[in-house]
Amino acid sequence: MALVVPLQLVFSRVMDPATAATATVILMVATSGLFEETTRWIVLRYWAKNTRSWHDGVGFGLGHGGIEALLLFASALATNIMLLTNGEMLRMQVAQTGDATAIDAFDQQMDALQNMGLGLLAAGWYERVLAITAHVVFTLIVLRAVRERRWQLWLLAVTAHIVFNAVTVISAPYGLGVMYALLTAFTAVGLWAVMAGPLKKEALA
């Protein structure tokens, strides 16, 4: 965020709003994979030096993905509570800007929140399951990169992470069904690699 936020301000000054938003999304997708996997490599290489087995890698990935899920859900819960309890006041503040697009977006968000069903909640949980599984896969790739001193595997983890996030962003406008189908297929390939492929337990014994 220390990189994204200042650049987002620059984008908003030199680009039109639509282009600035697109540039920000691209930057966030690219840097999330780069920074998360590089940090994972640094931690495994220089700090968690006893984390070398397959079970260690799986636990590391579950911990990373689980903590991320808790933070995201806590943030979403706090935001939703604020919207539900202060919706009218917030809408008045948005309306004072005179931006019809912002008012429409706020109304749509409130309508979706007030009419949220079990299906949407289940979809959110399923997305987190896929994300946590992906974290396990990425961690095992980085763990193997550390063990074998192969920077190419670190690059593979970075690229796979970026692709996972890009699939989410690019497919989301086509509907949740399309997005989850693509993410499920992507994650299934990762699970195969973990259970029977190059990231299986025997390969990291």
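The following questions and answers concern aromatic contacts and a surface patch in a predicted model. Local features need pLDDT of at least 70 and side-chain atom pairs pLDDT 80 or more, whereas totals for chains, interfaces and linings use all residues. Residues are numbered from 1 along each chain as its sequence is written, and side-chain values use heavy atoms, without hydrogens and water.

User: How are the ring planes of Trp-41 and Tyr-46 arranged: stacked, tilted or edge-to-face?

Analyst: Rings of Phe, Tyr and Trp (its six-membered ring) pair if their centres lie within 6.5 Å; planes under 30 degrees apart are stacked, over 60 edge-to-face and the rest tilted. For Trp-41 and Tyr-46 the centres are 5.8 Å apart and the planes meet at 80 degrees, which makes the pair edge-to-face.

User: Is Tyr-46 buried or exposed?

Analyst: Buried means under 20% relative accessible area, exposed over 50%, and partly exposed in between (1.4 Å probe, protein chains only). Because its relative accessibility is 52%, Tyr-46 counts as exposed.

User: How many residues apart in sequence are the parts that the pair of Phe-138 and Phe-164 ties together?

Analyst: The ring centres of Phe-138 and Phe-164 are 6.5 Å apart with planes at 85 degrees, so this pair is edge-to-face. Helices are DSSP runs (H or I, at least four residues), numbered from the N terminus. Phe-138 lies in helix α5 (residues 118-148) and Phe-164 in helix α6, so the separation of the parts is 26 residues.

User: Which residue do ring pairs link with Phe-138 and Phe-164 into a cluster?

Analyst: Phe-138 and Phe-164 are both buried. Ring pairs join these two into a cluster with Phe-186.

Note on methods
Helix = DSSP H or I, 4+ residues; strand = E, 2+ residues; numbered from the N terminus.
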